[in-house]
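Me: I would like to learn how to read a structure feature by feature. Could you take me through this one, with the general idea before each case?

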Amino acid sequence: MPAEISKEGNFIKPKTFRRTRIIPGFSISLGITIFFVSVIVIIPLLALLMRPWENGFSGFIDTLFDKRVFAALKISFLCSLLAALVNLFVGVLIAWVLVRYDFPGKRLVDAFIDMPFALPTAVSGIALSAIYAPNGWVGSFFNNFGIKIAYSPIGIFIALVFIGLPFIVRSVQPVLSELEAEVEEAAETLGASPLQTFNHVILPAIMPALLSGFSLAFARGMGEYGSVIFIAGNIPYVSEIAPLLIVVKLEEYDYAGAASVGIGMLIISFAILFVLNLTQQYFAKKGL
Amino acid sequence: MRRKAAKRPEKLTDYTLIIFAFFWMALIIFLPLMSVLFNAFKGGLPKYLETFADPDAMDALKLTLLVTAIVLPLNIIFGIASAWAITRFEFVGKTILLSIIDLPFSLSPVISGLVWVLMFGAQGWFGEFLQAHDIDVIYALPGIVLATLLVTLPFVARELIPLMDDNGTDEEVAAVTLGASGWDVFFRITLPNIKWALLYGVLLCMARAMGEFGAVSVVSGHIRGLTNTLPLHIEVAYNEYNTIGAFGAATILVGLAFVTLAIKTILEWRYADELSAQHRH
């Protein structure tokens with residue numbers, strides 16, 4: 001591409017995008033995009049970011065460390081973490097089964113993995129709560145042993161296990177199916193046990209996908225509302241999740257409080273993302 | 001490069017793994033679905049059908065369809081425009097734009113509702129102005145539409161951007177060079193190439209728009225017959241111990257989920273090459 005000469009007569013660097021501007025519609029498509037993104041995402045999020053400070057920074061801190069809010073953030077954090085960990089194991093196992101074995105009903109199982117994505121959260125919420133309530137199909141069984149699932153943190157955990165499963169399976173599945181057969185076979189020929197092959201050959205390969213699936217599942221769990229509130233029972237300090245406290249604060253017209261809880265949730269999500277990124281870099285450095 | 005082929009189970013460990021997968025899917029996925037059907041038909045078919053005679057439920061269904069009908073075309077316009085801008089041109093800030101488009105995926109639905117209350121609620125940025133001019137946004141249709149838009153914004157764009165990026169611009173450039181107008185290029189070249197991916201995105205967007213609960217719940221105010229969408233109607237009925245009503249209405253949404261998954265699966269089998277790479281099986 002020849003360099004152009006500007007009006008002043010100096011040579012200016014050719015801009016690469018000049019070439020692609022052959023296709024029309026740049027300003028209109030970018031205009032529509034920026035309009036939507038500004039009106040629907042950026043400005044509303046600015047409203048969120050600017051709200052908590054009306055009682056000063058201490059007002060924000062006071063809200064987050066208010067006993068009830070702090071308890072809710074802690075419950076949300078722990079249940080999401082635990083559910084994402086369980087899904088880490090089960091998700092890899094199911095992805096493995098779907099990629100490596102042929103069995104009747106495989107396509108059906110594969111399609112149904114996405115059910116938690118497709119099913120509206122309110123529907124999953126009432127269905128889970130009906131199953132795990134003390135008189136429900138599963139709940140009555142555990143009730144015999146004095147274990148309460150619905151209306152306790154265990155219920156929140158179960159709902160988040162349901163909602164998080166597809167994130168891990170769908171992250172790991174494509175990577176697993178793209179693995180080269182030779183590497184595994186080499187490990188086997190060299191006398192590695194299946195478990196050794198998995199730990200030293202397969203696990204490192206799927207690790208990045210695993211970590212990103214984990215962080216997606218965790219973030220979803222932190223913010224999940226519909227599938228949780230029915231089964232949780234929403235007892236303050238015991239089974240009240242952070243998103244519900246936003247609703248509670250809004251009902252009290254405490255906008256700054258609601259925005260503070262929202263920002264608290266975002267901070268926790270970003271912190272987890274940050275930690276997982278560091279973990280990923282650590283593994284990458286170790287050459288795994 | 002050779003990939004390991006799927007095999008029939010042989011050893012005990014193979015069977016154990018497969019059986020565990022089936023057990024888990026049954027417990028976590030199938031049981032809730034069964035529970036919806038069981039509870040909806042607990043009182044027999046006539047009682048179930050009464051759900052559809054309930055005016056509150058029908059108003060909720062109508063509102064849900066109305067919101068979806070408003071949100072879908074807007075999402076299609078945004079999805080196509082953003083994919084066109086991002087994959088056909090170079091400009092500063094593209095990466096940031098991409099992250100912003102993805103952002104709604106990682107927001108809690110409750111936060112996606114909250115932001116609109118902070119903007120248009122009684123004590124929000126524009127609260128006083130709206131009150132002075134007697135315009136209802138929160139606890140009314142516009143709020144529900146805005147909350148649903150925020151939640152669903154990435155769906156169509158996310159399907160189109162990777163695909164149009166893969167397809168490249170050669171065909172379009174050729175058409176322009178031969179004198180085709182912008183609209184001709186779009187309707188005769190781009191659209192035929194992306195139609196299945198567009199349908200895929202629209203499908204996911206529709207399912208989410210009709211099923212959205214958290215974001216809509218925050219802005220709706222749960223006014224019966226006026227601002228209750230179908231998912232909100234389910235909540236109200238359930239909290240009033242109207243089990244059959246709640247689960248009966250839920251069967252509509254379960255049906256929707258099944259249709260969504262079925263079409264999605266068919267698209268992934270039949271038109272895998274014309275979807276973005278992440279959906280090719």
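Me: Where in chain B does B:D14 sit, and is B:D14 buried or exposed?

Reply: The place to begin is the element that holds the residue, and here, in what is a predicted model, B:D14 belongs to helix α1 of chain B, which covers residues 12-40. The next step is the relative accessibility, and because that value is 3% for B:D14, the residue counts as buried, the cut-off for this class being under 20%.

Me: Which residues is B:D14 in contact with, once its neighbours within four places in sequence are left aside?

Reply: They come from both chains: A:Y101 of chain A, together with B:K7 and B:P9 of chain B, are in contact with B:D14.

Me: How should I read a helix as a whole, and how many residues of helix α13 of chain A are buried?

Reply: A helix has a regular repeat of 3.6 residues a turn, so residues three or four places apart point the same way. Helix α13 of chain A, residues 242-251, is mostly covered, with nine of its ten residues buried. The buried positions are A:A242, A:P243, A:L244, A:L245, A:I246, A:V247, A:V248, A:K249 and A:L250, so that a lysine stands among them. Just after this helix, A:Y253 adopts a positive phi of about 55°.

Me: What do A:V201 and A:Q173 touch, not counting residues up to four places away in sequence?

Reply: It helps to place each residue before listing its partners. A:V201 lies in helix α11 of chain A and is partly exposed, its relative accessible area being 22%. Beyond its sequence neighbours, A:V201 touches A:V183, A:E184, A:A187 and A:Q196. A:Q173 lies in helix α9 of chain A, residues 153-178, and counts as buried because its relative accessibility is 11%. The partners of A:Q173, with residues up to four places away again left out, are A:A95, A:L98, A:V99 and A:D110.

Me: Separation along the chain and separation in space are two things I tend to confuse. How far apart are the C-alpha atoms of A:V201 and A:I231?

Reply: These two residues are 30 residues apart along the chain, and their C-alpha atoms are separated by 40 Å. For chain A as a whole, one can take the contacts between residues at least 6 apart in sequence, and 71% of these join residues at least 24 apart. The corresponding value in chain B is 72%.

Me: How do I describe a whole chain, and why is chain A said to be more spread out than a compact globule?

Reply: One starts with the secondary structure, which in chain A comes to 14 helices and two strands. The radius of gyration of chain A is 25 Å, well over the 19 Å that the globule rule gives for 288 residues, and therefore chain A is described as more spread out than a compact globule. Along the principal axes, the C-alpha atoms of chain A fill a box of roughly 90 × 65 × 35 Å. Of the 288 residues of chain A, 52% count as buried, and the chain exposes about 13,300 Å², of which carbon and sulfur atoms supply 68%.

Me: What does the corresponding description of chain B contain?

Reply: Chain B has 13 helices and zero strands. Its C-alpha atoms fill a box of roughly 70 × 65 × 30 Å along the principal axes, and 53% of its 281 residues count as buried. The area that chain B exposes is about 12,800 Å², with 65% of it supplied by carbon and sulfur atoms.

Me: How is empty space found, and how many cavities of 30 Å³ or more are there?

Reply: Rolling a probe the size of a water molecule over the atoms shows where empty space is left. The count comes to three cavities of 30 Å³ or more, and the largest cavity holds about 50 Å³ of space. Its lining consists of A:A219, A:M222, A:G223, A:M265, A:L266, A:S269, B:S106, B:S108 and B:I111. The elements giving two or more residues to this lining are α11 (194-223) and α14 (255-285) of chain A. By residue class, the lining of the largest cavity divides into five nonpolar, four polar and no charged.

Me: Which residues are closest to the centre of the second largest pocket?

Reply: That pocket has a volume of about 1,200 Å³. Of the 49 residues lining the second largest pocket, A:I229, B:H222, B:E235, B:V236 and B:N239 are the closest to its centre. The residues of this lining divide into 27 nonpolar, 16 polar and six charged.

Definitions and conventions. Residues numbered from 1 in each chain as written. Chains lettered and ligands numbered in written order. Predicted model: local features only at pLDDT ≥ 70, side-chain atom pairs only at ≥ 80, totals over all residues. Heavy atoms only, no water. 1 Å grid on protein atoms, 1.4 Å probe; cavity = no way out; pocket = protein on both sides within 12 Å on 5 of 7 lines; lining within 4 Å. Points joined across faces, edges and corners; volume = space filled by probe spheres on them. Nonpolar A, V, L, I, M, F, W, Y, C, P; charged D, E, K, R; others polar. Buried < 20%, exposed > 50% of the residue type's maximum accessible area, 1.4 Å probe, protein only. Helix = DSSP H or I, 4+ residues; strand = E, 2+ residues; numbered from the N terminus. Contact = heavy atoms within 4.5 Å. Rg over C-alpha atoms; globule rule 2.2 N^0.38 Å. Areas by Shrake-Rupley, 256 points an atom, 1.4 Å probe, with all protein chains shown as cover.
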